[in-house]
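I opened my notebook for a look at the inside of a protein chain. My plan was to go through cores, pockets, cavities and a few single residues.

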Amino acid sequence: VETTGLVPGWHEMIDIGVVLTDLEGRVIDSLFLRVMPDHPERLSPGAQRVNGFHAATWRRRRALAPRQAVDSLVAWHRARAGGHPTMLVAFNSQFDAAFLDHLFRTRGTSWRTLYHYFVLDVPSMAWSLGYRELTGAALAARLGVPDEPRVADEHTGITGAMLNVRIYQALRARGAAAPAPAACGRRTAPRRTARGTTRDDSSGMATSAAGTDRSRDDERDDERDDARHDAHTASSNPASHGAAPDPSLPRHEKALLVHERLCVVYGCPIAYFRDHDPLSELVGSMLSHRTRNADSGRAFRALQATYRTWAAVRDAPVADVQATIAGVTWPEQKAPRIQRVLQLVTERVGHLEAHALDFLGDLPPTEARAWLEALPGVGPKTSAAVLSFSRLRGVALPVDSHHHRVAVRLALIPAEMPVGPSHRALAALLPDDWNAQQVYDHHEVLMLHGQRVCTHRDPRCHKCAVLDVCPFGQARMAQGRADAAREPETAPPPHSW
């Protein structure tokens with residue numbers, strides 16, 4: 001859990017990450033909830049430095065009230081764990097249990113009704129095996145597993161819960177072999193603080209998970225993300241535990257399985273990367289067509305800085321607008337098209353103020369998208385982006401080239417289906433009762449997977465969390481094994497002494 005400070009009952013929980021595993025530590029499912037504390041003003045400086053909590057940010061991310069968080073956690077646990085007995089596994093379990101006690105009291109109940117009487121404390125498990133590094137970071141380093149992020153706003157309950165899973169898996173493997181010798185040198189004691197305030201540890205249910213809020217920018221793929229992805233993939237991919245692929249899995253079931261696995265890898269719910277009004281999102285989406293995010297973002301900011309209002313963009317000489325957005329692909333086409341769209345919005349709505357398209361939030365998504373797609377140059381991707389990415393936070397599934405490529409390789413859609421028609425086909429595979437955040441997460445995790453693993457050239461199939469249900473990946477790996485078997489063996493060079 002992450003909290004506003006160190007004193008349960010005075011300070012409060014701000015998020016909770018839970019990962020459900022079997023006794024081997026294999027991930028079954030995960031849950032991440034942001035919680036809006038009743039008294040955010042009690043935030044301690046130390047907590048804010050570690051978790052980056054700001055009340056306005058939590059409201060923008062639609063954090064749940066404490067009572068809602070309890071209801072969501074209980075419903076998730078009963079749906080996913082069913083009648084199976086479960087045990088809470090936590091880092092500094094007494095501390096985390098105290099915060100859970102106070103959270104559940106807002107509903108007049110106890111989390112202990114969901115779990116076995118016993119609680120497994122990860123540092124105690126490590127101590128019993130001879131380890132004396134008892135902070136999360138030190139123990140992760142000793143065991144050779146990736147640590148969780150130590151950057152504010154990326155350090156969350158779910159990243160801590162997934163660290164618990166990795167440490168649990170490593171300790172269990174070592175315990176099955178032989179107890180580890182105590183480390184030499186200075187001993188590190190666990191700090192009695194909230195996860196996310198000043199402590200190097202984390203909390204999660206027997207059972208913990210992975211993830212962090214992600215930006216959409218393509219440029220953020222770096223070695224830190226690769227290391228974190230590798231660790232999450234190892235625990236979330238049944239293929240790594242010998243499970244055979246199921247080629248007969250219906251597409252809608254496969255879509256849900258892929259969603260669950262990739263949400264563990266990339267961390268759901270994923271924070272919305274923008275908070276534009278829908279009119280601004282419409283312009284930004286039109287600029288982004290076949291253009292790198294960094295370039296379209298610069299062009300968007302240049303329009304705002306140069307013209308201040310969309311009415312001014314509409315009325316400017318087309319050559320000036322084209323020069324302003326020169327960094328995007330095909331500025332000579334996009335400049336007149338954007339101006340034409342702004343003119344049509346003015347005619348159909350009666351004005352071009354920032355809230356001109358807010359009314360779309362009151363329409364059913366199909367009607368709102370039809371209204372947008374009647375504009376020149378606006379197709380399914382742009383209409384979905386306006387509803388989903390803008391402050392409307394509508395239920396709509398965008399599909400970009402990365403998302404489309406992953407869906408084709410997984411056989412969720414036919415290989416010959418273009419991106420445009422794939423919007424309807426892929427959305428039809430998702431449950432009707434999914435909310436906007438779930439649909440947004442689905443797009444984001446498939447897009448991120450396409451950027452980082454299932455790339456256009458040289459996809460990293462061996463690191464894929466859904467390899468066992470991917471016909472493309474299975475065929476590619478089989479071909480690689482066949483090619484390796486055909487290679488003639490070469491004798492090693494003789495030793496020279």
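Here are my notes, and I kept in mind throughout that this is a predicted model.

**Entry 1: the largest nonpolar core**

I began with the largest nonpolar core, which has 39 residues. Which of its members touch the most other members? I found L262, L410, L426 and V445. Next I checked which helices feed this core: α9 (251–266), α16 (380–389), α17 (401–409) and α19 (436–452) each put in at least two residues. The top giver is α19, with 7 residues.

Then I picked L262 and looked up its contacts, skipping residues up to four places away in sequence. My list reads G267, V445, L446, H449, A465 and V466. I also noted another core lying apart from L262's core. That other one has 35 residues, and L282, V341, L344 and L360 are among them.

**Entry 2: L426**

I went back to L426, one of the residues with the most touches inside the core. L426 sits in helix α18 (residues 419–427). Is L426 buried or exposed? I wrote down buried, because its relative accessible area is 5% and the cut-off for buried is under 20%.

Leaving out residues up to four places away in sequence, L426 touches L397, V399, H403, A407, L412 and I413. I looked at the A407 pair a bit longer. L426 and A407 are 19 residues apart in sequence, and their C-alpha atoms are 8.1 Å apart in space.

**Entry 3: H403**

H403 turned up among the contacts of L426, so I looked it up too. H403 belongs to helix α17. I put H403 down as buried, because its relative accessible area is 0%. Beyond residues up to four places away in sequence, H403 touches L397, P398, L426, H442, H443, L446 and M447.

**Entry 4: the second largest pocket**

Time for empty space. The second largest pocket has a volume of about 1,100 Å³. I listed 36 residues lining this pocket, and the closest to its centre are F32, P269, Q437, Q438 and D441. Which elements give two or more residues to the lining? I got β3 (27–34), α2 (55–60), α3 (66–81), α9 and α19. The largest share comes from β3, with 6 residues. Sorted by class, the lining of this pocket has 17 nonpolar, 7 polar and 12 charged residues.

**Entry 5: the closed spaces**

How many cavities of 30 Å³ or more are there? I noted 4. The largest cavity holds about 90 Å³ of space. I found 14 residues lining the largest cavity, with H449, C454, C461, C464 and C470 nearest its centre. I had already met H449 as a contact of L262. Helices α17 and α20 (471–486) each give at least two residues to the lining of the largest cavity. By class, that lining has 11 nonpolar, 2 polar and 1 charged residues.

**Entry 6: a quick check on α4**

Last, I tested a helix with a ruler. Helix α4 (residues 93–105) has 13 residues, and at 1.5 Å a residue it should span 18 Å. Its end C-alpha atoms are 18 Å apart, so the two values agree. I also wrote down which residues of α4 are buried: S93, F95, D96, A97, F99, L100, D101, L103 and F104.

Terms used:
Residues numbered from 1 in each chain as written. Predicted model: local features only at pLDDT ≥ 70, side-chain atom pairs only at ≥ 80, totals over all residues. Heavy atoms only, no water. Core = buried A, V, L, I, M, F, W, Y, C linked by side-chain atoms within 4.5 Å. Buried < 20%, exposed > 50% of the residue type's maximum accessible area, 1.4 Å probe, protein only. Helix = DSSP H or I, 4+ residues; strand = E, 2+ residues; numbered from the N terminus. Contact = heavy atoms within 4.5 Å. 1 Å grid on protein atoms, 1.4 Å probe; cavity = no way out; pocket = protein on both sides within 12 Å on 5 of 7 lines; lining within 4 Å. Points joined across faces, edges and corners; volume = space filled by probe spheres on them. Nonpolar A, V, L, I, M, F, W, Y, C, P; charged D, E, K, R; others polar. Expected span 1.5 Å × (residues − 1).
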